[in-house]
Amino acid sequence: MSKFINNTKNYYENSFKRFGNNFKGMNWPSKKGQYTRFEELIKIGNLKNKTIHDVGCGNGEFLKFLKKKKVNFKFFFGSDISKIIIDQSLKNFKYSKNCKFECLDILESKRVKKFDYVFASGIFNIKNNFKEKSWKKHTFSIIKKLFQISKKGCSFNLITPYTTFREKKIYYQSVDELIKFLRKNVSKKIIINHSYNLWEYTVYIYR
Ligand SMILES: C[S@@+](CC[C@H](N)C(=O)[O-])C[C@H]1O[C@@H](n2cnc3c(N)ncnc32)[C@H](O)[C@@H]1O
């Protein structure tokens, strides 16, 4: 496990142990914001009969959201770097069909299957004490992987640098730098959605 993953895992496990099986335990300030992110992520395309991988699924709230919205997906796979958080997902969805959860680091695992659409909500936001430059490198390598393990495309969110505040442990991703990286290393088919009322934006990358 890399130092980045280890640090991130400890951070989210602390939050989960402190606040539990809810949006706060997943380090979100509100459920409304968490659901707004999901609404924006699924704008990537029609999920009907599609296979889905939610990277950094936490306690599985995205699956709950998809079920509530009656999105008719074919199969849902949730992965997370934290075993204790994945165990909570397994508990939350033990009677659900067409879904699977697994503790997994997509950068290290050699057996990551491909899914039609790959999602990630909130996995890049906390850099803690890592230097901006090294967290960016880590972030970009995960983004590249999200795309590699998707058949149709991937979508994820990042904190915008266009904020009225700055916090040391938060990672703000420049849109310009991101597009440069994606066009050169990932895909030229990109949509940046900076249209909603949170300090962040959602990225859609297509094959
Ligand atoms: C902010 S929480 C969000 C959880 C869920 N996506 C949601 O929106 O409710 C971030 C989750 O991603 C996991 N995570 C962070 N970095 C990850 C990575 N590189 N790969 C997989 N999971 C990761 C954390 O363990 C944590 O459960």
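How many of the residues of strand 4 are buried? Of its 6 residues, 5 are buried, so to speak of strand 4 as mostly covered is fair by the cut-off of 20 or more other C-beta atoms within 10 Å. I will come back to that strand. One caution before I go on: what you see above is a predicted model.

Let me start with the whole chain. The protein chain has 6 helices and 7 strands. In sequence order, the pattern reads α-α-β-α-β-α-β-β-α-β-α-β-β. The radius of gyration is 16 Å, and the globule rule gives 17 Å for 207 residues, so the chain is as compact as a globular protein of that length. A box of roughly 40 × 40 × 35 Å, taken along the principal axes, holds the C-alpha atoms. As for burial, 36% of the 207 residues count as buried. Now look at the contacts between residues at least 6 apart in sequence: 71% of them join residues at least 24 apart.

Next, the core. The largest nonpolar core has 37 residues, and Phe-119 and Leu-146 are the ones with the most contacts inside it. The largest share of this core, 5 residues, comes from strand 4, which runs over residues 115-120. Take Leu-146 as an example. Setting aside neighbours within four places in sequence, Leu-146 is in contact with Val-55, Val-118, Ala-120, Cys-154 and Phe-156.

Back to strand 4, then. What does strand 4 pair with, and in which sense? Strand 1 pairs with strand 4 in the parallel sense, over 3 bridges. Strand 5, residues 150-159, also pairs with strand 4 in the parallel sense, over 5 bridges. You can follow both pairings from Tyr-117. Tyr-117 is the bridge partner of Ile-52, and Tyr-117 stands opposite Gly-153 in strand 5.

Just before strand 4 comes a loop. Lys-114 is in the loop between strand 3 and strand 4. Is Lys-114 buried or exposed? Lys-114 has 12 other C-beta atoms within 10 Å, and 12 or fewer counts as exposed, so Lys-114 is exposed. Apart from residues up to four places away in sequence, Lys-114 touches Ile-149, Ser-150 and Lys-151. Lys-74 is 40 residues from Lys-114 in sequence, and their C-alpha atoms are 14 Å apart in space.

Now helix 3. Which residues of helix 3 are buried? They are Glu-61, Phe-62, Leu-63 and Leu-66. The buried residues of this helix pack against helix 2, strand 1, strand 2, strand 3 and strand 4. In general, an α-helix has 3.6 residues a turn, so residues three or four places apart point the same way. You can check that spacing on the model yourselves.

After helix 3 comes Lys-70, with a positive phi near 55 degrees, although Lys-70 is not a glycine. Lys-70 is in the loop between helix 3 and strand 2. Lys-70 counts as exposed because it has 6 C-beta neighbours inside 10 Å. There is another residue of this kind. Asn-49 has a positive phi of about 60 degrees and is not a glycine. Asn-49 lies in the loop between helix 2 and strand 1, and Asn-49 is exposed, with 10 other C-beta atoms within 10 Å.

For a contrast, take a residue in strand 2, residues 75-80: Phe-76. Why does Phe-76 count as buried? Because 26 other C-beta atoms lie within 10 Å of its own, and 20 or more are enough. Beyond neighbours within four places in sequence, Phe-76 is in contact with Ile-52, Leu-63, Leu-66, Asn-98 and Cys-99. Leu-63 and Leu-66 we have already met among the buried residues of helix 3. Phe-76 and Asn-125, in turn, are 49 residues apart in sequence and 24 Å apart in space, C-alpha to C-alpha.

Last, the ligand. Which residues are closest to the ligand? Of the 23 residues that surround the ligand, the closest are Tyr-12, Gly-56, Gly-58, Ser-121 and Gly-122. Helix 1 and helix 3 each supply at least two residues of this shell. The largest share, 4 residues, comes from helix 1. By type, the shell divides into 11 nonpolar, 8 polar and 4 charged residues.

That is what I have for today.

Definitions and conventions
Residues are numbered from 1 along each chain as its sequence is written. This is a predicted model: local features need pLDDT of at least 70, side-chain atom pairs count only at pLDDT 80 or more; totals for chains, interfaces and linings use all residues. A nonpolar core is a set of buried Ala, Val, Leu, Ile, Met, Phe, Trp, Tyr and Cys residues joined through C-beta atoms within 7 Å. Two residues are in contact if their C-beta atoms, placed from the backbone, lie within 7 Å. The radius of gyration is taken over C-alpha atoms; the globule rule is 2.2 Å times the number of residues to the power 0.38. A residue is near a molecule or strand if its C-beta atom, placed from the backbone, lies within 6 Å of it. Ala, Val, Leu, Ile, Met, Phe, Trp, Tyr, Cys and Pro count as nonpolar, Asp, Glu, Lys and Arg as charged, and the others, Gly among them, as polar. Two strands pair if DSSP finds at least two bridges between them.
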